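The following exercises are to be worked through with the sequence and the coordinates at hand. Each task is followed by a solution in steps.

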Amino acid sequence: VCFFVAKQFRRQGITVPLLKAAVAFAASQGARIVEGYPVDKAGLPGAFVFTGPAATFRRAGFIEVHRWSPIRPIMRYHIGKKT
């Protein structure tokens, strides 16, 4: 899944509430874990950060559980647990 935020609305903190809403929806459907695959590289053009920046996932309460490349962490949110 990708994030698309129109250019005029970027850098306003909209992605964290989107992630939190996705977690809330997943929880309402019985999910116990939500996983994301963001990019962890500052300075990349927006077109290369379509899955979201890792820092945004961290601010939304996700934790890094694995890294399959230097810039691609696997982030998880455990529903019902404090992270």
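**Exercise 1. A threonine in a loop**

At 13% relative accessibility, Thr51 counts as buried. The model is a predicted one. Determine where Thr51 is found and which side chain it joins in a polar contact.

*Solution.*
Step 1. Thr51 belongs to the loop between strand 1 and helix 2.
Step 2. The classification follows from the cut-off: buried means under 20% relative accessible area, and the value for Thr51 is 13%.
Step 3. A polar atom of the Thr51 side chain lies 2.9 Å from the backbone oxygen of Tyr37.
Step 4. The side chain of Thr51 also has a polar contact of 3.1 Å with the side chain of Arg72. Arg72 in strand 3 in turn stands opposite Ser69.

**Exercise 2. The sheet**

State which order the three strands take in the open sheet, and identify the strands that stand at its edges.

*Solution.*
Step 1. Begin with the inventory: the protein chain contains two helices and three strands, and from the N terminus on these elements run α-β-α-β-β.
Step 2. The three strands form an open sheet in the order 1-3-2, with antiparallel pairing. Strand 1 and strand 2 each have a single partner strand and stand at the edges, so one side of each lacks a neighbour in the sheet. On average, neighbouring strands are turned by 20° against each other, direction ignored.
Step 3. Consider the pairings in turn. Strand 1 and strand 3 are antiparallel and share four bridges; Ile33 stands opposite His78 in strand 3, and Glu35 has Arg76 in strand 3 as its bridge partner.
Step 4. Strand 2 and strand 3 are likewise paired in the antiparallel sense, over five bridges. A hairpin of two residues joins strand 2 to strand 3.
Step 5. Strand 1 has two faces: Val34 and Gly36 lie on the covered one, Ile33 and Glu35 on the uncovered one.

**Exercise 3. A salt bridge between strands**

Find which residue meets the side chain of Glu35 in a salt bridge, and explain why the pair ties together separate parts of the sequence.

*Solution.*
Step 1. The side chain of Glu35 meets that of Arg76 in a salt bridge, at 2.4 Å from N to O.
Step 2. Because Glu35 lies in strand 1 (residues 33-36) and Arg76 in strand 3 (residues 72-78), the pair ties together parts that are 41 residues apart in sequence.
Step 3. Both partners are to be classified by accessibility. Glu35 is partly exposed at 32% relative accessibility, and Arg76 is partly exposed with a relative accessible area of 29%.
Step 4. Return to the sheet: Glu35 and Arg76 are also bridge partners there, and Glu35 is on the uncovered face of strand 1.

**Exercise 4. A network of charged side chains**

A search of the whole structure finds five salt bridges. Establish which residues are joined into one network by salt bridges that share partners.

*Solution.*
Step 1. As a general principle, side chains of opposite charge can pair when their charged atoms come close.
Step 2. Arg58 and Asp40 meet through their side chains in a salt bridge of 3.5 Å, N to O. Arg58 is in helix 2 (residues 54-59) and Asp40 in the loop between strand 1 and helix 2, with their positions 18 residues apart in sequence.
Step 3. Arg67 and Asp40 form another salt bridge, at 2.8 Å from N to O. This pair links strand 2 (residues 63-69), which holds Arg67, to the loop between strand 1 and helix 2, which holds Asp40; the partners are 27 residues apart.
Step 4. Salt bridges that share partners thus join Asp40, Arg58, Glu64 and Arg67 into one network.
Step 5. The accessibilities are as follows: Arg58 is partly exposed at 37%, Asp40 is partly exposed at 28%, and Arg67 is partly exposed at 29%.

**Exercise 5. The chain as a whole**

Report what percentage of the 83 residues is buried, and what share of the exposed area carbon and sulfur atoms supply.

*Solution.*
Step 1. Of the 83 residues in the protein chain, 29% are buried.
Step 2. The protein chain exposes about 5900 Å², of which carbon and sulfur atoms supply 61%.
Step 3. Among contacts with a separation of 6 or more, 51% are between residues 24 or more positions apart.

Conventions. Residues are numbered from 1 along each chain as its sequence is written. This is a predicted model: local features need pLDDT of at least 70, side-chain atom pairs count only at pLDDT 80 or more; totals for chains, interfaces and linings use all residues. Side-chain values use heavy atoms; hydrogens and water are left out. A salt bridge is a side-chain nitrogen of Lys or Arg within 4 Å of a carboxyl oxygen of Asp or Glu. Buried means under 20% relative accessible area, exposed over 50%, partly exposed in between (1.4 Å probe, protein chains only). Contact means heavy atoms within 4.5 Å. Accessible areas come from the Shrake-Rupley method with a 1.4 Å probe; for residues, only the protein chains shown count as cover. Two strands pair if DSSP finds at least two bridges between them. Axes are lines fitted to C-alpha atoms, for helices over the stretch in contact, and angles run from 0 to 180 degrees between N-to-C directions. A polar contact is a pair of N or O atoms within 3.5 Å; within protein, one must be able to donate a hydrogen and the other to accept it, and residues adjacent in sequence count only if both atoms are side-chain atoms.
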